[in-house]
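This report describes a single protein chain, going from its sheet to the helices and then to the buried residues. The sequence and structure are shown first.

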Amino acid sequence: MAAFQTRSQVVTVDGIPVRYEYAGDGEPVVFVHGLSGSTKWWARNIPAIAQHYRVYLVDLPGFGAMRRFRRQFHLLRAPQWLDRLCQTLGLETFSLVGHSMGGYVSLALAAQRPEQVKRLALVASIGIPFERSVAQLLWPTALALARTTPAFWPTLLYDGVRAGTLMILRAAHQIVALDARPLLPTLRTPTLLIWGAQDDLVPLAFGRQLHAAIPQARLYVIERANHICMYDQPQLFNQALLAFLQNQEVGELAPAPATRH
């Protein structure tokens, strides 16, 4: 079977050219990658999702096709950058799917624009403080990457080289300094958390904290999957994401907080 092909286009945001990819027709769904990632990280998901939706794949400044714009990357400003990109694309309402670092970018945008973001899928998302330094996270990162599906390793290496060590470290320091907990109770967008049960980098315990803090969020755990769960177990991931986008109940609902007497 021939490889699935997306189409690409270039628009201008904040005076710089932004290349994005798209496929399919229907309601728009925007995919946002994580640290050292690119649009290529969704290769096993887009063919299934694009059968039902118009998908948009974005490279954040400093990564992937946007690697020449490293100075444009600021994690706390990235949600506003993504908002301006979606406005440029003419997306009045859309759903967001964000992985890891892209999860924060997506949830922050959803908190700022609840009238625009219809549904929010957070995949192994950051947001809970790591309480460790970048150096202390090197070993968990190595484990997570080494234990992911070997077929993903060439993409991982290619995107790492494109971003460059200095860019990755600069973004990693911003991630470690992040605490998104104040945003979580303000989210009003229907939210699904998707997590690999064996995530070495952003542990499932973090996912459960997000689950408890985001109103009416649901949590779907994928067994035998690590940090890049959408690539490790694409069939389960795609089924869950499609069901969620189609307004079906997926995963467990967070228990209501206990009432004090």
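## The β1-β2 hairpin

Strands β1 and β2 run antiparallel and are joined by 7 bridges. This pairing, like everything else below, is read from a predicted model. Within it, valine 11 has valine 18 of β2 as its bridge partner. The two strands form a hairpin with 2 residues between them.

Aspartate 14 is found in the loop between β1 and β2 (16-23). Its phi is positive, at about 55°, although aspartate 14 is not a glycine. Most residues other than glycine have a negative phi. Aspartate 14 counts as partly exposed because its relative accessible area is 43%, and the limits for that class are 20% and 50%.

Strand β2 itself is largely enclosed by the rest of the structure, since 6 of its 8 residues are buried. Besides β1, β2 pairs with strand β4 (residues 54-58), in the antiparallel sense and over 4 bridges. Here alanine 23 has valine 55 in β4 as its bridge partner.

## The whole sheet

The hairpin belongs to an open sheet of 9 strands, with the order β1-β2-β4-β3-β5-β6-β7-β8-β9 and mixed pairing. At the edges stand β1 (7-13) and β9 (252-253); each has a single partner strand, so one side of each is left without a neighbour in the sheet.

Further along the order, strand β5 (residues 94-99) and strand β6 (residues 117-123) run parallel and are joined by 5 bridges. Glycine 98 has leucine 122 of β6 as its bridge partner. In general, strands of a sheet pair through backbone hydrogen bonds, either parallel or antiparallel.

The loop between β6 and α4 (138-146) contains alanine 124. Alanine 124 also has a positive phi, about 45°, and is not a glycine. Is alanine 124 buried or exposed? With a relative accessible area of 0%, alanine 124 is buried, because the cut-off for that class is under 20%.

## Helices across the strands

Two helices can be described by the strands they cross. Helix α7 (residues 204-213) lies across β7 (191-196), β8 (218-222) and β9, and runs at about 170° to β7. Helix α9 (residues 234-245) lies across β3 (28-32), β5, β6, β7 and β8, with an angle of about 160° to β6.

Phenylalanine 237 is part of helix α9. Its relative accessibility is 0%, so phenylalanine 237 counts as buried. Neighbours within four places in sequence aside, phenylalanine 237 is in contact with Trp42, Asn45, Val123, Ile194, Ile222, Cys229 and Met230. Phenylalanine 237 and aspartate 14 of the hairpin turn are 223 residues apart in sequence and 34 Å apart in space, C-alpha to C-alpha.

## Nonpolar cores

Which residues touch the most other members of the largest nonpolar core? They are Val30 and Leu82, in a core of 58 residues. Helix α3 (residues 101-112) gives the most to this core, with 7 residues. Residues up to four places away in sequence not counted, leucine 82 touches Val30, Val32, Val58, Leu96, Val105 and Leu109. A second, separate core has 32 residues, among them Val29, Phe152, Met230 and Ala240. In soluble globular proteins, nonpolar side chains tend to be buried together.

## A buried aspartate

Aspartate 159 lies in helix α5 (residues 153-163). With a relative accessibility of 0%, aspartate 159 counts as buried. What joins the side chains of aspartate 159 and tryptophan 41? A polar contact of 2.9 Å does so. Outside its neighbours within four places in sequence, aspartate 159 is in contact with Ser36, Gly37, Ser38, Lys40 and Trp41.

## Cysteines

Cysteine 86 has a relative accessibility of 2% and therefore counts as buried. Cysteine 229, one of the contacts of phenylalanine 237, has a relative accessibility of 0% and so counts as buried. The count of disulfides in the model is 0.

Key:
Residues are numbered from 1 along each chain as its sequence is written. This is a predicted model: local features need pLDDT of at least 70, side-chain atom pairs count only at pLDDT 80 or more; totals for chains, interfaces and linings use all residues. Side-chain values use heavy atoms; hydrogens and water are left out. A disulfide is a pair of cysteine sulfur atoms within 2.5 Å. Buried means under 20% relative accessible area, exposed over 50%, partly exposed in between (1.4 Å probe, protein chains only). A nonpolar core is a set of buried Ala, Val, Leu, Ile, Met, Phe, Trp, Tyr and Cys residues joined through side-chain atoms within 4.5 Å. Contact means heavy atoms within 4.5 Å. A polar contact is a pair of N or O atoms within 3.5 Å; within protein, one must be able to donate a hydrogen and the other to accept it, and residues adjacent in sequence count only if both atoms are side-chain atoms. Two strands pair if DSSP finds at least two bridges between them. Axes are lines fitted to C-alpha atoms, for helices over the stretch in contact, and angles run from 0 to 180 degrees between N-to-C directions.
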